[in-house]
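Dear colleague,

I am passing on the structure we spoke about, and I would be glad if you could look through it with the notes below at hand.

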Amino acid sequence: MTIDYSEKIPNNVNLAEDRTLKRALEQWQPNFLSWWDDMGPDGSQNFDVYLRTAISVDPQGWAQFGHVKMPDYRWGIFLNPAEKDRKIHFGDHKGEDAWQDVPGEYRANLRRIIVTQGDTEPASVEQQRHLGLTAPSQYDLRNLFQVNVEEGRHLWAMVYLLHKYFGRDGREEGEALLERRSGQTDNPRILEAFNEPTPDWLSFFMFTYFTDRDGKFQLCALAESSFDPLARTTKFMLTEEAHHMFVGESGVSRVINRTCQAMNELKTDDPQKLRAAGVIDLPTIQRYLNFHFSVTIDLFGADESSNAATFYSTGLKGRYEEGKRMDDHQLRGQTYRVLSVQNGQLVEREVPMLNALNEVLRDDYIKDSVAGVERWNKVIEKSGLPFRLTTPHKAFHRNIGALKGVKVSPEGRVVSEAEWASKSKDWLPTAEDRAYVAGLMGRVVEPGKFANWIAPPVMGINRQPVDFEYVRFA
């Protein structure tokens, strides 16, 4: 499964043997590059960036590193190796051979799943396109650009499936993926979280920790798919996605580390004194955390969903780590608890598990997210400070499903409109918070130097030193 880089489009899917598909993708390629030129990282076209490029899909030694100009990055189509005699292991088709082509009756639903996943990839590039102008270091600038080029490759992954398996409809959907724009009023991205701005680096780190983690869980669910090409595609995407979550987790950790240093140096936890010292106080970090966590858990959809039941029963999308679960993998007669509001209180109700699969995936995601927040708390603990970051209750600040618009505190208490109005400034980033954080943003380009509000990393990329020249400016 080595990758053929002699082709115009690098691939390990024998693209040369399918001339019609190859021609269609080569026609899409200049449109992609035009979109990248318009909507990719601002002002970055002439930089030589120390990027990793996939050279195989073998988990051992799958990437190489080197300086490359981003418009010259070799985006390609890479699938994990096929599993011999793979069987469907959940849903109504359990035990049958995995599909190599799309069953006609599931065509529309499968296309919708692929398009929705595909739409998130260019959206995040668009959300982050101005961040390079305010990078806190060369190391961070390089990480931003690595995330961006890999989101571009994940778009290629979905466009390949659309072109190969969905004919003219797929080609039209591939064009539409380049036409929508994050945050645009008349042609926005499909999912609301991908229309939110990412105006500063604290938002970027929170996004890559929380929202890219949603990507991990969605990709894991799709990696179980009975449609084998989708499963193989998403398994390789997960290899790349791990770095994006590392950027987020380590980035927030370094912001916390620097803030704790300043708190100990100044012997204060007063947010105003810490802001005067040019660092981001911990209560502001908590408010950013609350916002990004709540916006991301909405991405899992309504807590009860007939679509989720259909996707599972028909074998299109499994659960996270489906193979490790000890049940019948068809969920007949099984139930799950979901939240609703009765008489001003949050209550749990039992519903058929098939209809609650969005909630099952959301709860798996929440467990994973909480573990990382606890690692951030270890940084604070090591500094000898009593502050603790927490993930808010899953009913907090929700805009989808039964909890949409219900006013709930981060602790999980239903509150009145008046209490929400008076206290939400303590729970979510205010305009003043965002203006303060924005005011800290200023590009630091000297190798080994870092903005005052963030600590250096423990080690560099690919065993390079922290002061390595990760970006060579034109």
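What follows is a description of the chain as a whole, then of its strands, and then of three individual residues.

Please keep in mind throughout that this is a predicted model. The protein chain contains 12 helices and 5 strands, and its C-alpha trace extends over about 65 × 65 × 40 Å when taken along the principal axes. For 474 residues a compact globule would be expected to have a radius of gyration near 23 Å, and because the protein chain has 23 Å, the two agree. Of these 474 residues, 58% count as buried. Among the contacts in the protein chain with a separation of 6 or more, 72% are made by residues 24 or more positions apart.

As to the surface, the accessible area of the protein chain comes to about 19500 Å², and carbon and sulfur atoms account for 48% of this. The side chains include 58 positive and 68 negative ones, and the centres of these two sets lie 2 Å apart.

Turning to the strands, there is an open sheet of 3 strands, arranged in the order 2-1-5 with antiparallel pairing. Strand 2 (63-69) and strand 5 (471-472) are at the edges of this sheet, and because each has a single partner strand, one side of each is left without a neighbour in the sheet. Strand 1 (residues 48-54) is joined to strand 2 by 7 bridges, the two running antiparallel, and within this pairing A54 has A63 in strand 2 as its bridge partner. As a general point, side chains in a regular strand alternate between the two faces of the sheet.

Strand 3 (residues 335-342) and strand 4 (residues 345-352) also run antiparallel, and 8 bridges join them. These two strands form a hairpin with 2 residues between them, and in the turn N343 has a positive phi of about 50°. Q342 stands opposite Q345, the latter being in strand 4.

Three residues in or beside helices may be worth following in the viewer. L202 belongs to helix 5 (residues 201-222), and its relative accessible area is 0%, so L202 is buried. Leaving aside residues up to four places away in sequence, L202 touches I280, I285, Y288 and V437. By contrast with those contacts, the C-alpha atom of L202 is separated by 47 Å from that of E96, a residue 106 positions away along the chain.

Is Q128, in the loop between helix 2 (107-127) and helix 3 (138-165), buried or exposed? Its relative accessibility is 1%, and Q128 therefore counts as buried. The residues that Q128 touches, again without those up to four places away in sequence, are L144, V147, N148, T198, F204 and F207.

The last of the three is D364, which is found in helix 10 (residues 357-382). Its relative accessibility is 14%, and because buried means under 20%, D364 counts as buried even though this value is above zero. Beyond residues up to four places away in sequence, D364 is in contact with F217, Y320 and R325.

With best regards

Notes
Residues numbered from 1 in each chain as written. Predicted model: local features only at pLDDT ≥ 70, side-chain atom pairs only at ≥ 80, totals over all residues. Heavy atoms only, no water. Helix = DSSP H or I, 4+ residues; strand = E, 2+ residues; numbered from the N terminus. Rg over C-alpha atoms; globule rule 2.2 N^0.38 Å. Buried < 20%, exposed > 50% of the residue type's maximum accessible area, 1.4 Å probe, protein only. Contact = heavy atoms within 4.5 Å. Areas by Shrake-Rupley, 256 points an atom, 1.4 Å probe, with all protein chains shown as cover. Lys, Arg positive; Asp, Glu negative; His and termini not counted. Charge placed at Lys NZ, Arg CZ, Asp CG, Glu CD. Pairing = 2+ DSSP bridges.
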